[in-house]
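Biologist: Please take a close look at one part of this model, and then follow its connections outward. I would like the distances and contacts spelled out.

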Amino acid sequence: MYYEARTHEIIEVQNALQAAIRIKSGQLQTYQVMKWKSKDGKFFMYAVPDGHLDTMLLELAILRQKIDIVNSPYLQVESITNGWIKGAETLAKYLEEAESSTLIMKSNAQLIVGKPKGHERAWFTCGCCGNYFYGNVQEQQKFDQDAGYGICTNCHLW
Ligand SMILES: [Zn+2]
């Protein structure tokens, strides 16, 4: 769930295969999220890079959002180890399966697009003392730490 502490940019594509091709192209920035519409037209799908530090594309969190409801929450339906998947077509199959997945891993996932508004909170590892803490994303951004890292209150006092 490292992605919840980061800010993202959305890139809209036609379908799961287009998303998979972009992800496998090596051209994707780690803050970029692929968005497409599910085949049945019910959901917006999001593939969010969720690995750690320099291996951000190793893991993908797959989120789903109902189209016909305004401000519908993000459901995390899948966590894909992209690093173990060979080609774009195989990855696309996993992405398509997530479109109709009945397993909900997280029913109110956070996806920050653009700048955080100030209310978003997420888990961080303190880059100074190693503590795991729940912090405010906007406040942590000024420390400019690597993905998933922040500075905890104790260390900030220094
Ligand atoms: Zn600390």
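Modeller: Helices and strands here are DSSP runs, of at least four residues for a helix (H or I) and at least two for a strand (E), numbered from the N terminus. The model is a predicted one.

In those terms, the part to begin with is the loop between strand 7 (112–113) and strand 8, where G114 lies. G114 is partly exposed, at a relative accessible area of 36%. Along the chain, G114 and T7 are 107 residues apart, yet their C-alpha atoms are separated by 5.9 Å. Once neighbours within four places in sequence are set aside, G114 is in contact with T7 and H8.

A salt bridge also involves the segment before strand 1. It joins K106 to E4, with the closest N and O atoms 2.9 Å apart. K106 belongs to strand 6 (residues 106–109) and E4 to the segment before strand 1 (7–12), so the pair ties together parts that are 102 residues apart in sequence. The two ends differ in burial: K106 is partly exposed at 26% relative accessible area, whereas E4 is buried at 8%.

The total is 2 salt bridges. The other pair is E96 and K39, whose closest N and O atoms are 3.3 Å apart. Here E96 sits in helix 2 and K39 in the loop between strand 2 and strand 3, so parts that are 57 residues apart in sequence are tied together. E96 is partly exposed, with a relative accessibility of 29%, and K39 is exposed, at 67%.

The K39 loop leads to the strands on either side. Strand 2 is mostly covered, with 5 of its 6 residues buried. Strands of a sheet pair through backbone hydrogen bonds, either parallel or antiparallel. Strand 2 pairs with strand 1 in the parallel sense over 4 bridges, and with strand 3 in the antiparallel sense, also over 4 bridges. M34 appears in both pairings: I11 stands opposite M34, and M34 stands opposite A47 in strand 3. The hairpin of strand 2 and strand 3 has 5 residues between the strands, and within this hairpin G41 takes a positive phi near 75°.

Strands 2 and 3 also appear in the surroundings of helix 1. In this helix (residues 16–24), A16, A19, A20 and I23 are buried. Viewed down the helix axis, these buried residues fall within an arc of 100°, so they line one face of helix 1. Their cover includes strand 2 (32–37), strand 3 (43–49), strand 4 (59–66) and helix 2 (88–99). The N-terminal end of helix 1 is capped by N15, which has a side-chain oxygen 3.2 Å from the backbone nitrogen of L17. Just after helix 1, G26 has a positive phi of about 80°.

Strand 4 holds R64. R64 is buried but has no salt bridge, and the nearest side chain of opposite charge, that of D40, is 7.4 Å away. The cut-off for a salt bridge is 4 Å between a side-chain nitrogen of Lys or Arg and a carboxyl oxygen of Asp or Glu. A polar atom of the R64 side chain does lie 3.2 Å from the backbone oxygen of A98. Apart from neighbours within four places in sequence, the contacts of R64 include F43, F44, M45, P73, Y74, L75 and V77. Also among them are A98, E99, S100, S101 and I104.

Back at the starting loop, the chain runs on into strand 8, which takes part in an open sheet of 3 strands, ordered 9-8-10 with mixed pairing. Strand 9 (132–136) and strand 10 (149–150) stand at the edges with a single partner strand each, so one side of each has no neighbour in the sheet. Strand 8 (residues 121–126) and strand 10 run parallel and are joined by 2 bridges. C126 has G150 in strand 10 as its bridge partner.

C126 is also one of the residues that C152 touches, together with C129, N131 and F133, not counting residues up to four places away in sequence. C152 is in the loop between strand 10 and helix 4 (153–156), and is buried, with a relative accessible area of 5%. From C152 to S72 the C-alpha distance is 32 Å, at a sequence separation of 80 residues.

Terms used
Residues numbered from 1 in each chain as written. Predicted model: local features only at pLDDT ≥ 70, side-chain atom pairs only at ≥ 80, totals over all residues. Heavy atoms only, no water. Buried < 20%, exposed > 50% of the residue type's maximum accessible area, 1.4 Å probe, protein only. Arc of directions from axis to C-beta. Contact = heavy atoms within 4.5 Å. Polar contact = N/O pair within 3.5 Å; in protein donor to acceptor, adjacent residues only side chain to side chain. Lys, Arg positive; Asp, Glu negative; His and termini not counted. Pairing = 2+ DSSP bridges.
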